[in-house]
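Let's go through a structure together, one feature at a time. Have a look before we start talking.

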Amino acid sequence: MKAESEKRDSSNTPAQPAYPIGGTYCLETFALGPALAKTVHFSYKKNQSDGSFKDYEGDLAGDTLESSVHEKRVAGDMDREMAKDPKLGAPPVVDGFVDSTRSLHSTRSDGSGWSMGSSGQVQAFTPWGLFIAKPNVKQVGTENVAGFDAVKYAVDTDGQGQLEKMPLTLSGGLKDYTIKGNAWVDAKQECILQYSIDYDEVLKDGTQKKTHYEGSTTRQ
């Protein structure tokens, strides 16, 4: 999807981004394109203020995608019940958390597995969903990111009103939120190479939750 900024006046309206921001990540783009001769490594991390995290590392080369996933999340009642029965093979509950690690092997010949290995991981680990709310996005320059020519964007919800934020506050049951950070987009393939995004939520009861997203793309 294209990021958009609400027009207020000509003096403070952010420049319209030339490329998609938030919804298209290079893991998907590269996996759907021609087979890569050299390995490209993708790293996507999500850390939350309650101690939960998601950590994805993947290597894409030729017709294979080798990935590892490490997750830690607050345990629910079902997790605790399943952990009591060794026959179920469920991960243990330690200090109120479930901590698990798994490996994924995807090949281009397996269409559904290939899609899950690329687009499925993007949806699970990146902040793509935050950009449905269309935070202000402004181009701030160009840089070289791990050998890729990239366009840098700043993301910032400062100055946006509650009406503009309504899609996310309503769907998330929130009182307010802020999204701040930067994203680097491949100038040729128009996909996100790198990002660092902070998402702070204020629930209706005033409770605050913080989430930090960080991702990178590197040639091996």
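What follows is a short dialogue on strands, a core and accessibility.

Q: What kind of model is this, and how are residues numbered?
A: It's a predicted model, where local features need pLDDT of at least 70, side-chain atom pairs count only at pLDDT 80 or more, and totals for chains, interfaces and linings use all residues. Residues are numbered from 1 along each chain as its sequence is written, and side-chain values use heavy atoms, with hydrogens and water left out.

Q: Which strands pair with E1?
A: Strands are DSSP runs (E, at least two residues), numbered from the N terminus, and two of them pair if DSSP finds at least two bridges between them. Here E1 (residues 36-48) pairs with E2 (residues 53-62) in the antiparallel sense, over nine bridges. Nine bridges also join E1 to E10 (residues 208-219), again antiparallel. Phe42 sits opposite Gly58 in E2, while Tyr44 faces Gly215 in E10.

Q: How many residues lie between E1 and E2 in their hairpin?
A: Four, and Gly51 in that turn has a positive phi of about 100 degrees.

Q: Which residues have the most contacts inside the largest nonpolar core?
A: Such a core is a set of buried Ala, Val, Leu, Ile, Met, Phe, Trp, Tyr and Cys residues joined through side-chain atoms within 4.5 Å. The largest has 39 residues, and Phe42 and Tyr44 have the most contacts inside it. Strand E8 (residues 174-186) gives the most to this core, six residues.

Q: Is Val94 buried or exposed?
A: Buried means under 20% relative accessible area, exposed over 50%, partly exposed in between (1.4 Å probe, protein chains only). Val94 has 48% relative accessibility, so it counts as partly exposed.
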